[in-house]
Amino acid sequence: MTQTPGIAITGASGRMGQMLIRQVSESDRLHLSGAIDQPGHPWVGQDVGTAMGGSALGVIVSDAARETIAGADAVIDFTAPEATLHFAEIAAETGVVHVIGTTGMSDDQIAALGSAAQKTAIIRAGNMSLGVNLLTQLTRRVAAALDEDFDIEIIEAHHNQKVDAPSGTALMLGEAAAEGRGVSLSQVADRGRDGITGARRRGDIGFTAIRGGDIVGEHDVLFAAAGERIVLRHLASDRAVFARGALKAALWGQGKAPGEYDMIDVLGLKD
Ligand SMILES: NC(=O)C1=CN([C@@H]2O[C@H](COP(=O)(O)OP(=O)(O)OC[C@H]3O[C@@H](n4cnc5c(N)ncnc54)[C@H](OP(=O)(O)O)[C@@H]3O)[C@@H](O)[C@H]2O)C=CC1
Ligand SMILES: O=C(O)C1=N[C@H](C(=O)O)C[C@H](O)C1
């Protein structure tokens, strides 16, 4: 019998880590080969299924990232920027496909992934759901069809434990809108309104971040002109949508040449 690709999950005890472990362990196309947590985490040394409060899955949570990633065909990583850079080095050295969902990375941190991508396939997206990736394409098209009489605002809402803002998704949508308009997002992004801000600058793309309760992830792209508004909206109510995308990416990455890819590549959504 052919063995399915083995998947190692970083940040096993995290919100996404646990969701990914559930999805991989229920998949018949992939199997869970490893679960990683930080040294000193109480889950290290325990069966990951038991640690999650369910039945044993036969995989012990390890703090030995290199060994665990080397034993996998893909590592799925939804953690934090510095951790992701560390895992990228290991994935590159061991030739393991690296699926990155981590957000909040600086431009320098993203650039640093470039050298890892010379050695292995990296698939990275600020949002791995089908819906949001479709929404980026729609945003780009609507932005291209409208002129600067339409002010573009991106409004996102997330749970109260989220540490980065704007969300990775909001930035993806901002990039898509800027691309549609033929401008660079860094030149037009307005990310921090407070106090006497002055009137809105024509052509800016504004960002607003709401944080509260257990909101999984909500994004509006508003195109507002005199007398009319268009709103493109995505609402996520279950983290499974992100995990499903990550599993698809891990499978799609098998046998791919080293390089940087995104979910538009995985989902075949390029126009
Ligand atoms: N692209 C997408 O589709 C999505 C992306 N995300 C992103 O995924 C990331 C994680 O989100 P979420 O699961 O909610 O966050 P959590 O805080 O619930 O989980 C983060 C996990 O990463 C671990 N971690 C943090 N820092 C390090 C480190 N330096 N080294 C090793 N492990 C570390 C944490 O371990 P410990 O508990 O020991 O600190 C924890 O297990 C965020 O960046 C979020 O924005 C989330 C959902 C969808
Ligand atoms: O931190 C989260 O929860 C999420 N993060 C991603 C982001 O920053 O956009 C994706 C999703 O919205 C959930």
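Me: I'm looking at the strands here. In what order do the five strands of the open sheet run?
Reply: To read a sheet, go from strand to neighbouring strand and note the order. In this predicted model, the order is β8-β9-β7-β10-β11, and the pairing is mixed.

Me: Which strands stand at the edges?
Reply: For that, look for strands with a single partner. Here they are β8, residues 189-190, and β11, residues 228-236; each has a single partner strand, so one side of each has no neighbour in the sheet.

Me: What packs on the sheet?
Reply: Look for a helix whose atoms touch the strands. Helix α6, residues 130-145, does this, touching β7, β10 (217-225) and β11. You can also compare directions: that of α6 makes about 165 degrees with that of β11.

Me: Back to the strands. In which sense do β7 and β9 pair?
Reply: Follow both strands and compare their directions. β7 (residues 151-158) and β9 (residues 205-211) pair in the parallel sense, over seven bridges. You can pick out one spot to check: Glu 153 stands opposite Gly 206 in β9.

Me: Now the ligands. Which residues are around ligand 2?
Reply: Start with the ligand and list its neighbours. Among them are Thr 103, Asn 127, His 158, His 159, Lys 162, Ser 167, His 219 and Phe 242. Sorted by class, the shell holds two nonpolar, nine polar and one charged.

Me: How far is the polar side-chain atom of Lys 162 from an oxygen atom of ligand 2?
Reply: Here you read a distance between two atoms. For Lys 162 it is 2.7 Å. In the side chain of His 159, an N or O atom is 2.8 Å from an oxygen of ligand 2, and for Thr 103 the corresponding distance is 3.5 Å. As for cover, ligand 2 on its own has 330 Å² of accessible area, and the protein covers 85% of it.

Me: And ligand 1: which residues come nearest?
Reply: Same approach, starting from the ligand. Of the 22 residues around ligand 1, the nearest are Arg 15, Met 16, Thr 103, Met 128 and Lys 162. Its shell has seven nonpolar, 11 polar and four charged residues.

Me: Which polar atom of Gly 14 is 3.3 Å from an oxygen atom of ligand 1, backbone or side-chain?
Reply: Check which part of the residue the atom belongs to. For Gly 14 it is a backbone atom. Gln 38 uses a polar side-chain atom, 3.2 Å from an oxygen of ligand 1, and Lys 162 has one at 2.9 Å. Taken alone, ligand 1 exposes 930 Å², of which the protein buries 74%.

Conventions
Residues numbered from 1 in each chain as written. Chains lettered and ligands numbered in written order. Predicted model: local features only at pLDDT ≥ 70, side-chain atom pairs only at ≥ 80, totals over all residues. Heavy atoms only, no water. Pairing = 2+ DSSP bridges. Helix = DSSP H or I, 4+ residues; strand = E, 2+ residues; numbered from the N terminus. Contact = heavy atoms within 4.5 Å. Axes fitted to C-alpha atoms, helices over the stretch in contact; angles between N-to-C directions. Near = heavy atom within 4 Å. Polar contact = N/O pair within 3.5 Å; in protein donor to acceptor, adjacent residues only side chain to side chain. Areas by Shrake-Rupley, 256 points an atom, 1.4 Å probe, with all protein chains shown as cover. Nonpolar A, V, L, I, M, F, W, Y, C, P; charged D, E, K, R; others polar.
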